[in-house]
Amino acid sequence: MAGETDLNILLESLEPSLNVGSYVFISLKDINEILREDILFEFKEAEGITIILSKDKADKYNLDYDFVASWITLTVHSALDAVGLTAAVSSALTKHNISCNVVAAYYHDHIFISKKDTKKAMEVLSEFSRK
C-alpha cells in the first residue's frame with residue numbers, strides 16, 4: 001500500500017500518538033550483546049552503530065546515555081518520498097523551542113523529543129489536525 005504524498009492531507013491526518021515510556025539514543029561499536037528484540041531502531045554510521053531503545057533496557061544493559069526522550073508516532077501513513085512533512089513538523093516545534101529527532105520508517109514518521117517538552121509537543125502536533 002502506497003503512503004500519502006499530499007502535504008495538506010498528511011498534516012490534516014497527522015494524529016500524533018505518544019508511546020509510553022522513555023527512550024534513549026546510544027552509539028556502540030558492537031551491538032552483539034544487545035538482544036535484537038530490545039532494539040527499537042538501529043543505524044550504522046562511520047563512528048558506530050546508533051541504537052534507540054527504552055531507557056529501562058539501556059539501564060538493564062548498563063549503557064551510558066545523555067538524552068532521554070519521549071517517542072511520538074505520526075500515525076498517518078506517509079510515503080517515503082513525501083515532500084515537506086518533516087520540515088513542517090520540525091518548523092512548528094522549533095517555534096516553541098522544541099528540538100526533534102525524526103526517524104522515518106516504512107509506514108510512519110517517529111519523533112523523539114526531550115521528555116520535558118512532551119506535553120507541549122503533543123499540543124503543537126495535534127494542532128495540525130484541528131486546522
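**Briefing: a surface patch and a six-stranded sheet**

Leu80, Tyr106 and Tyr107 together make a nonpolar surface patch of about 370 Å². The structure described here is a predicted model. Its 6 strands form an open sheet with antiparallel pairing, and helices H3 and H4 are described below in relation to these strands.

**The sheet**
- The strands follow the order E2-E3-E1-E4-E6-E5.
- At the edges stand strand E2 (41-45) and strand E5 (101-104), each of which pairs on one side only.
- On average, neighbouring strands of the sheet are turned by 30° against each other, with direction ignored.

**The pairing of E1 and E4**
- Strand E1 covers residues 16-28 and strand E4 covers residues 68-74; the two pair in the antiparallel sense over 6 bridges.
- Leucine 18 has isoleucine 72, in E4, as its bridge partner.

**The helices**
- Helix H3, formed by residues 85-94, packs on the sheet and touches E4, E5 and strand E6 (109-114).
- The direction of helix H3 makes about 20° with that of E6.
- Helix H4, formed by residues 118-130, lies across E1, E4 and E6.
- Relative to E1, helix H4 runs at about 120°.

**The patch residue Tyr106**
- Tyrosine 106 is located in the loop between E5 and E6, and this residue contributes to the nonpolar patch alongside Leu80 and Tyr107.
- Tyrosine 106 counts as exposed because its relative accessibility is 51%, and the exposed class begins over 50%.

Key:
Residues are numbered from 1 along each chain as its sequence is written. This is a predicted model: local features need pLDDT of at least 70, side-chain atom pairs count only at pLDDT 80 or more; totals for chains, interfaces and linings use all residues. Side-chain values use heavy atoms; hydrogens and water are left out. Two strands pair if DSSP finds at least two bridges between them. Helices (H or I, at least four residues) and strands (E, at least two) are DSSP runs, numbered from the N terminus. Axes are lines fitted to C-alpha atoms, for helices over the stretch in contact, and angles run from 0 to 180 degrees between N-to-C directions. Contact means heavy atoms within 4.5 Å. Patches are made of residues with over 30% relative accessible area and no salt bridge: like charges are joined within 9 Å, nonpolar side chains (Val, Leu, Ile, Met, Phe, Trp, Tyr) within 5 Å. Accessible areas come from the Shrake-Rupley method with a 1.4 Å probe; for residues, only the protein chains shown count as cover. A salt bridge is a side-chain nitrogen of Lys or Arg within 4 Å of a carboxyl oxygen of Asp or Glu. Buried means under 20% relative accessible area, exposed over 50%, partly exposed in between (1.4 Å probe, protein chains only).
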